[in-house]
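Colleague: I'm new to this, so please give me a close, friendly look at the contact between chain B and chain A.

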Amino acid sequence: MREFFHLLRKVIRTGVARSRFLMAAVGLGIAMLLILVSIQTYTDFNQLLYGTQNQNETADFLVINKKITNAMMGQANKSAFSTEELDNIKKQSFVQSFGVVTPSQFRVVAQAPGDLHFATDMFFEAVPDSFLDVKDEDWKWEQGSKTIPIILPNDFLNLYNFGFSLSQDLPQISQETVKALPLQINISGNGKSDSYMGHIVGFSDRISSFLVPSSFMTWANQAYGTGIVNGTTRVIIKTPDPSNPKLVKFLDDNGYTTNQDKLKFSKTRMIVQTIVSVVGFFGLILLFFALLVFSMFIQLVIAGAKDEIQLLVTLGAAPKQLRRYLLKQFVPIYIVVGIITLLLVTAFQYIAAMALSRHNMLVDPWPGIGVFGAIAMILLLVYFVNWLTVRKYVNR
Amino acid sequence: MEIQLSQLMPIPLQDKLLQRNSDIWNKEVTFQQGTFVKIKAPSGSGKTTLIHYLYNIRYDYTGQIRIDRKPWPSFLKDEISAIRQQSLSIIFQDLRLFDQLTAKENVELKRVMIPEPFCTSEKVEEMAHRLKVAHVLKQSGKTLSYGERQRIAIIRALSQPFKWLLMDEPFSHLDEENTKLAARLIAEECKSRNAGFILTDLDHDQHFSYDVNYNL
């Protein structure tokens, strides 16, 4: 068969418009490069965002509430989530787990112990334990216990220590001291009033509220509550990626708000995604045109050798043989282009990985599986289109 | 391989041919494998047309041509190629060589078209010697004389396996001596393959010991 193909080369000239064909091959190379680079950039970016090497904590917690607008002021109900809204949040793909922040339905007054004549009205909230960043064995409450464990927001202590105490000539207090302070907590409501001991067990960076265990909250809301349920106004979600543009869009669309600082990566990410998509899109367009040129080139070759092909078939050459011959003239070039492109992408990736590692950003120095998948797909596509063209024109 | 013609009639020549008597057109004819068939045909009686019908490169006829009881149109493209590579060879009246190939390459193209070539390259050289065209084997097809081309076309047809050889005025450009040489070679090759041939020509001739004679 080799000898036959060797002779065919003299009969069916594939050399016509060779320069145009090579230009199309270069175009194919650039198209592949753009597509592969965009895929690889996307892979790298994801690695930087989610890679275990680049992050201590993969998930993040967000407390979400409705934005309070002027129109809503004075109507507490409007800031509450309806059941449908809660279900809707729960079923979003970026929500890994979901909990409601339960507010207290009773009055709370906290008193400093001993001679510190200090008392303040306050409130409690409760969240499921799994959302807490404070782990303490005292964080539990059983019915009948007169001691309530409390978690304070870290910001609260900071406000006192660095804002209030200095200006009022009061002593600054360490976390340990606060934990040791016995607080008297008076809870009243539903015609009852009781005294409890408040015991601060930790400080939360995650949730800005005064937290008590859910078990206490459930019991106390029944015992002292007015029975009027205010509805959920704040929910807490665990999300693998707070910079997920879908999350940001969801919050915006629904008029919800959260700690904006945690969403700041979202914009960067959207810009990168847009650029990557645009580059990939141009790659696809270029690929389309390269395919078009190849098809036209094959058509040209076949049309140019129409009489010869006719005679070859008359002499007994099988259309199958001729198709195989024609594909053999073109396909190796595509494979070479594919390999060169792959080498280039590998080189780029290696250089990029080296450059990033200097900034302590670790990415794989090898192209990702997506790149290999994509190049295989593109080559298969090119082969398929060529095969179709050859089949279409060498079948008479 | 048996070739059967059944009520075969070329559509373009229909009116003309119906007025004359023919042994082939519009008749039932069977060519048995291994027979040497001569079809004598005056100009314009559809001689080349018949050869093209038999080789299945023209289809404008009524009636049927059956190859081993199977009509030509029922063969697939790849089956037809296989028949042309293994069972049916042809020498065209207009020779049909590739100008861009040398004489030798023209034969080689046909020889190596088959995955397992039937004869060796040396055999081709030998046949060229016998037909006195060995010296032109390296020349481009373009520069050959008609006589040389005709002999190359004969060698090309003989370089493949076949059960039937179709010949359309195969010696039209050859002198008597060269015709004799070519005829002897063709007869030998047919015998060695246990193959038959169908030869069309204008006149009577004694080139072969024909088994059957027809008038077209």
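Modeller: Happy to; here is a walk across that contact. This is a predicted model, in which local features need pLDDT of at least 70 and side-chain atom pairs count only at pLDDT 80 or more, while totals for chains, interfaces and linings use all residues. Residues are numbered from 1 along each chain as its sequence is written, chains are lettered from A and ligands numbered from 1 in the order in which they are written, and side-chain values use heavy atoms, leaving out hydrogens and water.

Let's start with who takes part: chain A brings 21 residues and chain B brings 22 (contact means heavy atoms within 4.5 Å). Between them the chains bury about 1900 Å², with 64% of this on carbon and sulfur atoms (buried area is the accessible area, with a 1.4 Å probe, that two parts lose on being put together, summed over both).

Next, the charged link. There is 1 salt bridge between chain B and chain A (a side-chain nitrogen of Lys or Arg within 4 Å of a carboxyl oxygen of Asp or Glu). It joins the side chains of A:K10 and B:E105, at 2.3 Å from N to O.

On the side of chain B that touches chain A, helix 3 (77–86) and helix 4 (103–111) are the elements giving two or more residues (helices are DSSP runs of H or I, at least four residues, numbered from the N terminus). By type, that side of chain B has 9 charged, 3 polar and 10 nonpolar residues (Asp, Glu, Lys and Arg count as charged; Ala, Val, Leu, Ile, Met, Phe, Trp, Tyr, Cys and Pro as nonpolar; the others, Gly among them, as polar).
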